[in-house]
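Reader: I would like to go through this model with you and ask, at each step, how a given label is justified. Could you take the labels one at a time and set each value against its cut-off?

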Amino acid sequence: MRTTPEAPIDMRAEFPELRPFARIAVRLHPRPGAPTAAQSSMGGPLLWPADEPWPFCDGPVGGDHGDGPAEPEAPLVPVLQLFRDDVPELPFPGGADVLQVLWCPFDHEPDGAPRPQLRWRRRAEIADVLTAPRPDAESDPRLVPGPCVLHPERVTEYPSDDLPGPVWLAIEQKCARLAAETGWHYETDLAVASGTKAGGYPGWTQSPEWPVCACGAGMRHLATIASWEFSRGDEKRWIPVEDRAAMDGWGFDAAGDHPWRAVQNPAGLMLGDVGGIYLFVCVDCPDRPFDYRFDCA
Ligand SMILES: [Zn+2]
Ligand SMILES: [Zn+2]
């Protein structure tokens, strides 16, 4: 279990303006472990049907992995597996109860980031399981998430960069007073949860850029895959209570095996410069069209 500390104030009471924007995010709290294919995981084995070929990538234009068109295709690597039992909030399309996220662990255009794919599955339909091939030897290990077990926790989020300008103007003075009285800042401590999560608001580093489905509907944020679970300045809120002891003496110059690394960078990811990949789906279309965004510092 992982527990995000409560805010020092009652957000609903203090900020009625924000109530329409409250969203539940499921912080996944990945931690290094040995998940099985029958468990929700990050970077763990997937419940992949033995009779379905493993997906490979050759890039958007072919030969996209460095050495020209003769370069063999690269196997996608498991990124996230979420069972409905653990995260029922996800928009599982009819009958599905497993979401799988994979990506190609090479930098791809347009943004120079891994290219994700999604699979929605029915657990009962999968008997024999296919083992994932080893990642391509030339892929960047920092783009291949290490196996982690998950500790889903629900938190209430409010928008930061996604907050409409007029609403920000309405709460700005109250936020300044709150910061002066408590040291807690709306944007860093009270709005959007850090780290890898399902639902809630995307953990944008840059300005929001929401995808729109071909049907015309705005897409819903499905999940954020983050390089780090939290960064400097996030200490008040986003480090779970259970992990605070392990964080003693944390610093980027600490020894390589200091316990904070497994808390702050559990899957060993580095997406660009401490970036994130944000996954979106259309919930108006039954086949759940999908898109993604990447940004970083
Ligand atoms: Zn690729
Ligand atoms: Zn649509």
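Author: Let us begin with V274, bearing in mind that the model is predicted. V274 has 15 other C-beta atoms within 10 Å and is therefore partly exposed.

Reader: Why is V274 called partly exposed, rather than buried or exposed?

Author: A residue needs 20 or more other C-beta atoms within 10 Å to be buried and 12 or fewer to be exposed. V274 has 15 such atoms, so the label partly exposed applies. The residue is found in the loop between α4 (260-264) and β13, and its phi is near 50°, a positive value in a residue other than glycine.

Reader: What makes R288 buried?

Author: R288 has 20 other C-beta atoms within 10 Å, and because the label buried requires 20 or more, R288 meets that cut-off. R288 is found in the loop between β13 and β14, and it too is not a glycine, although its phi is positive, at about 55°.

Reader: And why does D86 count as partly exposed?

Author: With 18 C-beta neighbours inside 10 Å, D86 lies between the limits of 12 and 20, and so it counts as partly exposed. D86 is found in the loop between β6 and β7. Not counting residues up to four places away in sequence, D86 touches S40, L150 and P152. From C-alpha to C-alpha, D86 and P55 are 25 Å apart in space, and in sequence they are 31 residues apart.

Reader: What makes β7 and β8 a pair of strands, and in which sense do they run?

Author: Pairing requires at least two bridges; β7 and β8 are joined by eight bridges and run antiparallel. Within this pair, V98 stands opposite R121 in β8. The two strands form a hairpin with four residues between them, and G112 in the turn has a positive phi of about 70°. P110 is found in the loop between β7 and β8, and the peptide bond from E109 to P110 is cis, with omega near 10°.

Reader: How do you know that β2 and β9 pair as well?

Author: β2 and strand β9 (residues 148-149) share two bridges in the antiparallel sense, and two bridges are enough for pairing. In this pair, P32 stands opposite C148 in β9.

Reader: Which strands are called the edges of the open sheet, and what makes them edges?

Author: Six strands form the open sheet, in the order β2-β9-β3-β6-β7-β8, with antiparallel pairing. β2 (31-32) and β8 (113-121) are the edge strands, as each pairs on one side only.

Reader: How is the protein chain divided into domains, and how far apart are their centres?

Author: The domain assignment gives domain 1 (11-31 + 151-295) and domain 2 (33-140). Their centres, taken over C-alpha atoms, are separated by 23 Å. The contact takes 26 residues from domain 1 and 21 residues from domain 2. On the side of domain 1 that touches domain 2, the elements giving two or more residues are β1 (23-27), β11 (197-199), β12 (220-226), β13 (276-281) and β14 (290-295), and the largest share, four residues, comes from β12. By class, that side of domain 1 has 19 nonpolar, three polar and four charged residues.

Reader: Which residues touch the most other members of the largest nonpolar core?

Author: They are V79, A198, I277 and L279, in a core of 56 residues. The elements that each supply at least two residues of this core include β6 (77-83), β7 (98-108) and α3 (186-191), and the largest share, seven residues, comes from β7.

Reader: Why is this core said to lie between the domains?

Author: Domain 1 and domain 2 both give residues to this core, so the core lies between them. As for I277, its contacts, leaving aside neighbours within four places in sequence, are A113, P114, P116, I225, L271, Y292 and F294.

Reader: How do you know that the protein chain agrees with a compact globule?

Author: For 297 residues, a compact globule would have a radius of gyration near 19 Å, and because the protein chain has 20 Å, the two agree. Of the 297 residues, 36% count as buried.

Note on methods. Residues numbered from 1 in each chain as written. Chains lettered and ligands numbered in written order. Predicted model: local features only at pLDDT ≥ 70, side-chain atom pairs only at ≥ 80, totals over all residues. Domains from an automatic or database assignment. Contact = placed C-beta atoms within 7 Å. Nonpolar A, V, L, I, M, F, W, Y, C, P; charged D, E, K, R; others polar. Core = buried A, V, L, I, M, F, W, Y, C linked by C-beta atoms within 7 Å. Rg over C-alpha atoms; globule rule 2.2 N^0.38 Å.
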